[in-house]
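Please open the model in your viewer and keep the sequence panel beside it, since each stop on this tour begins with a selection.

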Amino acid sequence: MTAETFEFQVEARQLLQMMVHSIYSNKDVFLRELVSNASDALDKLRIEALRDDALDVDVSDLHIEIEPDKDARTLTIRDNGIGMSRDEVVGLIGTIAKSGTAEFLRKLKEVQKTDNPDRAAAAEGLIGQFGVGFYSAFMVADEVTLLTRRAGEDAGTRWTSTGEGTYTVETVADAPQGTSVTLRLKPVDNDDRLFDYTSPWKIKEIVKRYSDFITWPIRLVTAAGEGSAEEGSEDGEDGGKPEPETINSRQALWARPRNEVSDEEYHELYKHISHDWADPLETVRIHAEGTFEYQALLFLPARPPRDLFTQGGSRGLQLYVKRVLIMEDCEELVPPYLRFVKGVVDAQDLSLNISREILQQDRHIQMMRRRLAKKVLSTLKEMRAKRPEKYAEFWREFGPVVKEGLLNDFENRDAILAACSFATTHDPEKTATLQEYVERMKEGQEHIYYLTGPSRAAVENSPHMEGYRDKGLEVLVLTDPVDELWVDAVPDFQGKRLRSIAKGEAELGTEEEKEQAKAEREQQRQEYGDLLEWLGGRLGDEVKEVRLSSRLTTSPACVVSDTDDVTPGLRNMLRAMGQEMPESKRILELNPDHPLITGLRKAHAGRASDPELSGMAEIVYGMALLAEGGRPDDPSRFTKLLAERLERTL
Ligand SMILES: Nc1ncnc2c1ncn2[C@@H]1O[C@H](COP(=O)(O)OP(=O)(O)OP(=O)(O)O)[C@@H](O)[C@H]1O
């Protein structure tokens with residue numbers, strides 16, 4: 001059949017260009033990527049064969065082969081795994097379905113344009129986050145040919161490209177099942193770290209470093225005698241019969257004693273599982289013995305995957321039963337708020353062909369899920385104590401996800417809270433745990449105070465903060481959307497209630513101060529009685545009450561919610577999620593010590609019926625809304641009223 005030529009999709013072309021002109025300095029990783037893909041293909045075939053008895057394939061000798069040809073300067077990576085159909089080749093290899101590709105390329109170009117001496121490192125960091133898989137072959141090859149046949153199909157597909165803009169696809173009748181990728185290697189250029197990838201020594205070195213733990217045999221196929229030759233040796237030129245040699249130890253890392261495995265080896269396993277090119281932040285090992293035995297290796301990534309907040313992203317852990325991978329993304333093994341955790345669980349006593357439906361109810365799966373969640377949470381707590389910088393890096397990226405657990409994992413609520421930390425007014429540079437907050441509480445302070453808002457600046461500058469700052473009371477600064485939700489779901493911490501400083505009456509200071517303030521307020525209430533009543537009448541459509549405030553020191557007024565009402569932030573959020581949320585009227589609080597308010601009281605006492613005054617009611621209320629980051633219902637009317645008054649001061 002004749003070959004058809006296709007154009008790469010725009011993003012794929014751009015990405016290929018970068019690979020062809022090789023911006024990534026460590027070119028050895030192309031082999032890691034191709035071996036990783038081959039290993040995945042073998043896993044998939046085995047899983048499919050477990051599920052589908054009718055699938056007519058031989059799974060008795062699943063393996064990966066690497067075959068260099070020194071004379072032709074080619075390198076072939078072959079597997080007898082699941083293979084790809086013609087449509088899959090075009091869809092998976094010719095296009096890049098990853099979300100965020102355009103954004104990634106834009107950033108990459110930006111980095112490359114600058115004269116920053118670290119731009120190569122910055123570019124590598126970006127590729128590390130993105131991962132480019134199969135395309136990394138073009139770092140070392142000027143032509144790549146992929147020959148593949150999907151298990152269960154008759155015809156195979158040959159795909160060829162020089163990485164320039166087009167690729168050809170051809171149907172072939174006699175392809176072996178599985179996939180082989182043949183690279184026509186670029187000339188060796190040691191200065192550019194483009195090594196001789198036909199050298200058996202080099203191949204072994206790379207496989208040992210990056211792919212040793214792959215459970216499938218990786219066989220090096222060389223002409224007789226060549227496999228054991230030293231680098232640069234010309235042995236084997238007589239072209240003896242190829243002799244395969246298994247070059248990986250195939251030992252599951254999780255089954256090896258901790259002190260025999262290096263961090264690098266763990267990191268390579270993480271990269272293989274997660275498709276991340278960067279090292280993980282933390283490795284967690286679990287070895288459960290007893291009636292139900294299992295081992296687990298879990299990893300906390302350094303950076304969030306692009307699909308962390310989207311539906312349908314790849315979630316879950318790899319589930320093995322006695323060293324055999326039976327499920328790729330087993331979501332049942334981690335609760336949704338730990339969905340960023342990657343890793344492997346290997347259980348001794350599960351059925352090999354357990355179905356997803358059964359998994360959900362399986363007692364052992366539930367037991368492991370519980371234990372793994374607890375272990376991750378305790379690791380976070382420990383990280384915070386012992387490796388605070390790493391924890392801070394983690395928390396910045398994943399804190400909002402972990403806090404989702406406070407909404408629904410009641411059993412682990414305390415453990416989640418112990419792993420959480422929050423920005424606070426105590427120290428702008430450091431986060432605090434609730435435990436630390438409680439230890440610092442002032443004498444007479446009963447509650448844990450917090451304020452939610454869109455940003456740190458908005459929260460810190462909010463008028464609600466004034467009295468608390470004045471009294472030296474610490475307030476948690478909560479700015480993640482999820483904070484609006486969990487604060488209502490967590491009633492208390494060690495018997496101390498969490499209280500929004502924008503809700504209810506503020507009761508500040510020691511018992512004595514509170515008593516004193518109460519007496520003062522009583523007196524002021526009499527003085528201000530008329531004004532409060534009048535304002536309440538004027539603003540009756542907007543607010544449910546007008547009262548004197550004990551939380552303000554410098555602002556004239558603020559709006560607060562009633563203790564059990566939802567905050568405006570939460571209301572907006574629930575509305576955005578499509579929930580019907582009725583307006584609930586709020587409370588206007590006045591600062592009886594502010595000149596604007598004392599002036600207003602005098603003006604009202606002197607000329608209560610002056611129409612000028614009624615505009616003032618609206619202005620005071622509008623200002624209070626603006627000060628908390630909200631806005632008046634009718635901003636143009638508000639501006640007009642304000643302008644009229646300002647005019648008169650000129
Ligand atoms: N040897 C192979 N056998 C079967 N399918 C393969 C093989 N190599 C690649 N594929 C298919 O092509 C897809 C794209 O591969 P590619 O390496 O570009 O990306 P990836 O592995 O999905 O992700 P990443 O870029 O993070 O490595 C794979 O997801 C897989 O479905």
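Strands, as the word is used on this tour, are DSSP runs of E with at least two residues, and they are numbered from the N terminus. Bear in mind from the start that this is a predicted model.

**The four domains**

Begin by colouring the protein by its parts, which are domain 1 (4-234 + 242-248), domain 2 (254-389), domain 3 (423-500) and domain 4 (511-649). Now show domain 1 together with domain 2, whose centres, taken over C-alpha atoms, are separated by 26 Å. The contact between them takes 17 residues from domain 1 and 17 residues from domain 2. On the side of domain 1 that touches domain 2, the elements that give two or more residues are α2 (29-51) and α5 (119-130), and of the elements on that side α2 gives the most, with six residues. The residues of this side of domain 1 divide into five nonpolar, eight polar and four charged.

**A single residue, T166**

Next, select T166, which you will find in strand β6 (residues 166-172). Is T166 buried or exposed? T166 counts as partly exposed, because it has 14 C-beta neighbours inside 10 Å, and a residue is called buried at 20 or more such neighbours and exposed at 12 or fewer. If you add E7 to the selection, you will see that T166 and E7 are 159 residues apart in sequence, although their C-alpha atoms are 4.3 Å apart in space. Leaving aside neighbours within four places in sequence, T166 is in contact with T5, F6, E7, F8 and S161.

**Two helices that cross**

Select helix α1 (residues 10-20) and helix α4 (residues 101-113), whose axes come within 10 Å and cross at roughly 35°. The crossing of α1 and α4 is left-handed. To look at the contact itself, show the side chains of E11, Q14, L15 and M18 in α1, which meet T101, A102, L105 and L108 in α4. The residues of this contact divide into five nonpolar, two polar and one charged.

**A sheet of five strands and a helix across it**

Move on to the open sheet of five strands that has the order β10-β11-β14-β12-β13, with mixed pairing. At the edges stand β10 (282-288) and β13 (324-330), each with a single partner strand, so one side of each is left without a neighbour in the sheet. From one strand to the next, the twist averages 15°. For one pairing in detail, pick strand β12 (residues 317-321) and β13, which pair in the antiparallel sense over four bridges, and within this pair look for L317, whose bridge partner in β13 is C330. Then add helix α7 (residues 263-274), which lies across β10, β11 (294-300), β12 and β14 (342-347) and runs at about 100° to β14.

**A sheet of three strands**

For the last stop, select the open sheet of three strands, which has the order β21-β23-β22 and, again, mixed pairing. Which strands are at the edge? They are β21 (543-548) and β22 (557-560), each of which pairs on one side only. Neighbouring strands of this sheet are turned by 25° against each other on average, direction ignored. Finally, isolate β21 and strand β23 (residues 586-590), which pair in the parallel sense over five bridges, and find V546, whose bridge partner in β23 is L588.

Notes: Residues numbered from 1 in each chain as written. Predicted model: local features only at pLDDT ≥ 70, side-chain atom pairs only at ≥ 80, totals over all residues. Contact = placed C-beta atoms within 7 Å. Axes fitted to C-alpha atoms, helices over the stretch in contact; angles between N-to-C directions. Left-handed = near helix turned anticlockwise from the far one by under 90°. Nonpolar A, V, L, I, M, F, W, Y, C, P; charged D, E, K, R; others polar. Pairing = 2+ DSSP bridges. Domains from an automatic or database assignment.
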